[in-house]
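Visitor: Could you walk me through the pockets, the cavity and the surface of this protein?
Guide: Gladly; here it is for us to look at together.

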Amino acid sequence: MNAAVRVEKLAGHIAVVTIDRPEARNAINAAVAAGLEAAVDATEADDDIWVVVLTGAGQDAFCAGADLKEVSAGRGSALSTARGGFAGFVYRERSKPWIAAVNGKALAGGTELTLACDLVVAAEHAAFGLPEVLRGLIAAAGGLYRLPRAIPPNIALELILTAGQLGAQRAQQLGWVNRVVPAAGLREAALALAGEITRNAPTAVRESLRVARQANELDEAALRTLTRAAFERVAASEDFHEGPRAFIEKRAPQWTGR
């Protein structure tokens, strides 16, 4: 990896990816974009990793979005990659669940990173927002359409058009954030949620995720076809037989992910 992004592989099939630029509020520069893309590559390639947690260093900011010093210097294109888009992440296809552990402000591209994750755990002092219009910009890394899917559209529009911010508790009330916890317990809470996922068969989790991610984008017929194909892949796995066998034998299943 690189100095701007750290990847920790933990016991229990979990990895933690940390944006490590606390002095710049974990803003995205070229090194972070390259590091996040490499982190996705590494976690996708490792069959022993089933769930990934994404967070920022420190307690001030999860990510302040694009590093505007880089943008103003004409290096804005380096903040995106061909495969992942902004931060090497927001448009990248990923087969495994990603949990955003939001340790502070997640603004602009930082909010867009959380919207690109599957689940969100936030510290009590965390806040979200798309303030791009304050700088004559737009939330072009998915925020303009993913935010209205995550919360009621009229509230999303208010945030987008006024550059306002949404606190963690309100974001949870609106169904965007899964869990809000004291800052000191954020990592533990995110890992606990990851652990709830890794108790389950990884192939079934990945195939369920594949379909559920597209639930708001495809019509019923397309989703039925997608679900049928997902079931066929699950049925061809070893874990498909291990689950019922473990139930009958009254023991914990031994998942292989194959």
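The questions below go through the openings of this predicted model and then turn to its surface.

Visitor: Let's begin with the largest pocket. What is its volume?
Guide: Its lining is made up of 34 residues, and those nearest the centre are Leu115, Cys117, Asp118, Arg213 and Gln214. The volume of this largest pocket is about 1200 Å³.

Visitor: Which element gives the largest share of that lining?
Guide: Two or more lining residues come from each of helix 3 (109–116), strand 9 (119–123), helix 4 and helix 8 (202–212). The largest share is six residues, and the element that supplies them is helix 8.

Visitor: How many residues in the lining of the largest pocket are charged?
Guide: Sorted by class, this lining has 15 nonpolar residues and seven polar ones. The charged residues there number 12.

Visitor: Now the second largest pocket. Which elements give two or more residues to its lining?
Guide: This pocket has a volume of about 540 Å³. Of its 23 lining residues, Ala66, Leu68, Ala108, Glu132 and Leu137 are the closest to the centre. The elements that give two or more residues to this lining are helix 2 (68–72) and helix 3.

Visitor: And how many nonpolar residues does the lining of the second largest pocket have?
Guide: Its polar residues number four, and its charged residues also number four. The nonpolar count is 15.

Visitor: Turning to enclosed space, which helix gives the largest share of the lining of the largest cavity?
Guide: Searching the whole structure turns up one cavity of 30 Å³ or more, and the volume of the largest cavity is about 40 Å³. Its lining consists of Trp50, Val51, Ile197, Thr198, Asn200, Pro202, Val205 and Arg206. Helix 7 (186–198) and helix 8 each give two or more of the lining residues. The largest share, three residues, belongs to helix 8.

Visitor: How many charged residues line that cavity?
Guide: Five residues of the lining are nonpolar and two are polar. The charged class has one.

Visitor: Back to Leu137, then. Why does Leu137 count as partly exposed?
Guide: Leu137 sits in the loop between strand 10 (127–129) and helix 4 (143–150). Partly exposed covers the range between the buried limit, under 20%, and the exposed limit, over 50%. Leu137 is partly exposed because its relative accessible area is 38%.

Visitor: What is the area of the nonpolar surface patch that Leu137 helps to make?
Guide: Leu137 makes this patch together with Leu68 and Val71. The area of the patch is about 220 Å².

Conventions: Residues are numbered from 1 along each chain as its sequence is written. This is a predicted model: local features need pLDDT of at least 70, side-chain atom pairs count only at pLDDT 80 or more; totals for chains, interfaces and linings use all residues. Side-chain values use heavy atoms; hydrogens and water are left out. Patches are made of residues with over 30% relative accessible area and no salt bridge: like charges are joined within 9 Å, nonpolar side chains (Val, Leu, Ile, Met, Phe, Trp, Tyr) within 5 Å. Accessible areas come from the Shrake-Rupley method with a 1.4 Å probe; for residues, only the protein chains shown count as cover. A salt bridge is a side-chain nitrogen of Lys or Arg within 4 Å of a carboxyl oxygen of Asp or Glu. Helices (H or I, at least four residues) and strands (E, at least two) are DSSP runs, numbered from the N terminus. Buried means under 20% relative accessible area, exposed over 50%, partly exposed in between (1.4 Å probe, protein chains only). On a 1 Å grid over the protein atoms alone, a cavity is a set of points where a 1.4 Å probe fits but cannot get out, and a pocket is an open set with protein on both sides within 12 Å along at least five of seven lines; lining residues have an atom within 4 Å of a point. Grid points are joined across faces, edges and corners, and a volume is the space filled by probe spheres set on the points. Ala, Val, Leu, Ile, Met, Phe, Trp, Tyr, Cys and Pro count as nonpolar, Asp, Glu, Lys and Arg as charged, and the others, Gly among them, as polar.
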